[in-house]
Amino acid sequence: MTYSFQMDERLGIRLPVLNESWNQYTVQTQESILSEWETIRGKIPDRIKELEHHINEKQEQLNIEEDFERSCQLNSDIAELASIINDLWIWYRLNNQVTEKSHQ
């Protein structure tokens, strides 16, 4: 049973890629996956702050922009950054836990 963490360029973080269902991994493997995920997860708030900074910069540009097409592009950029932040919060809030195997 294998797994990996692959870089998601849009989100700017590595995401887990599980090749099996969660319950098929051993408890030790689940713990290993969760340990690595917690390290990555801990960086999400910093990534969100970085994106919020970019949104603020684009909003400042938008406030003084007079060209309609450029204004539309800035709005689109802001919407995309907000979408990324939303997706990062979803990943951040995932409730991950080890599944105890029943002793049979």
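## Exercises on a predicted model

Leucine 34 counts as buried, at 13% relative accessibility. Keep that in mind as you work through the exercises below, which rest on a predicted model.

### Exercise 1: Leucine 34

Work out which helix holds leucine 34 and which residues it touches beyond its sequence neighbours.

**Solution.**
- Step 1. Start with the cut-off: a residue is buried when its relative accessible area is under 20%. Leucine 34 has 13%, so it counts as buried.
- Step 2. Find the element: leucine 34 sits in helix α1.
- Step 3. Set aside the neighbours within four places in sequence, and the contacts of leucine 34 are Trp22, Asn96, Gln97 and Val98.
- Step 4. For a distance, take proline 16: its C-alpha atom lies 9.5 Å from that of leucine 34, with the two positions 18 residues apart in sequence.

### Exercise 2: The overall build

Describe the order of helices and strands, then decide whether the protein is spread out or compact.

**Solution.**
- Step 1. Count the elements: the protein has two strands and three helices.
- Step 2. Follow the chain, and the order is β-β-α-α-α.
- Step 3. Compare two radii: the radius of gyration is 19 Å, well over the 13 Å from the globule rule for 104 residues, so the protein is more spread out than a compact globule.
- Step 4. Look at the box around the C-alpha atoms: along the principal axes it spans roughly 70 × 20 × 15 Å.
- Step 5. Add the surface: about 7,200 Å² is accessible, and carbon and sulfur atoms account for 47% of this. Of the 104 residues, 24% are buried.
- Step 6. Turn to contacts between residues at least 6 apart in sequence: 56% of them join residues at least 24 apart.

### Exercise 3: The nonpolar core

Find which residues of the largest nonpolar core touch the most other members, and which element gives the most to this core.

**Solution.**
- Step 1. The largest nonpolar core holds 17 residues, and those touching the most other members are Leu11, Ile13, Trp37, Ile44, Leu51 and Leu88.
- Step 2. At least two core residues come from each of β2 (13–18), α1 (27–41), α2 (44–64) and α3 (68–93).
- Step 3. The top contributor is α3, with five residues.
- Step 4. Zoom in on isoleucine 44: leaving out residues up to four places away in sequence, it touches Ile13, Trp37, Leu88, Trp91 and Tyr92.
- Step 5. For background, nonpolar side chains tend to be buried together in soluble globular proteins.

### Exercise 4: The loop between the strands

Compare leucine 11 and arginine 10: is each one buried or partly exposed?

**Solution.**
- Step 1. Place them: leucine 11 lies in the loop between β1 (3–8) and β2, and arginine 10 is in the loop between β1 and β2 too.
- Step 2. Leucine 11 has a relative accessible area of 3% and is therefore buried. Arginine 10 has 31% and is partly exposed.
- Step 3. Not counting residues up to four places away, leucine 11 touches Arg47, Ile84, Asp87, Leu88 and Trp91. On the same basis, arginine 10 is in contact with Arg47, Glu80, Ser83, Ile84 and Asp87.
- Step 4. Check a distance for each. Arginine 10 and glutamate 80 are 70 residues apart in sequence, and their C-alpha atoms are 9.7 Å apart. For leucine 11 and phenylalanine 68, 57 residues apart along the chain, the C-alpha separation is 28 Å.

### Exercise 5: Two charged residues of α2

Decide how arginine 47 and glutamate 52 should be classed by accessibility.

**Solution.**
- Step 1. Both arginine 47 and glutamate 52 are found in helix α2.
- Step 2. Arginine 47 has 16% relative accessibility, so it counts as buried. Glutamate 52 has 37%, so it counts as partly exposed.
- Step 3. Beyond its neighbours within four places in sequence, arginine 47 makes contact with Arg10, Leu11, Gly12 and Leu88.
- Step 4. From glutamate 52 to isoleucine 64, 12 residues apart along the chain, the C-alpha separation is 19 Å.
- Step 5. Finish with the charges of the protein: 10 side chains are positive and 19 negative, with the centres of the two sets 6 Å apart.

Notes:
Residues are numbered from 1 along each chain as its sequence is written. This is a predicted model: local features need pLDDT of at least 70, side-chain atom pairs count only at pLDDT 80 or more; totals for chains, interfaces and linings use all residues. Side-chain values use heavy atoms; hydrogens and water are left out. A nonpolar core is a set of buried Ala, Val, Leu, Ile, Met, Phe, Trp, Tyr and Cys residues joined through side-chain atoms within 4.5 Å. Buried means under 20% relative accessible area, exposed over 50%, partly exposed in between (1.4 Å probe, protein chains only). Helices (H or I, at least four residues) and strands (E, at least two) are DSSP runs, numbered from the N terminus. Contact means heavy atoms within 4.5 Å. The radius of gyration is taken over C-alpha atoms; the globule rule is 2.2 Å times the number of residues to the power 0.38. Accessible areas come from the Shrake-Rupley method with a 1.4 Å probe; for residues, only the protein chains shown count as cover. Lys and Arg count as positive and Asp and Glu as negative; His and the chain ends are not counted. The place of a charge is taken as NZ of Lys, CZ of Arg, CG of Asp or CD of Glu.
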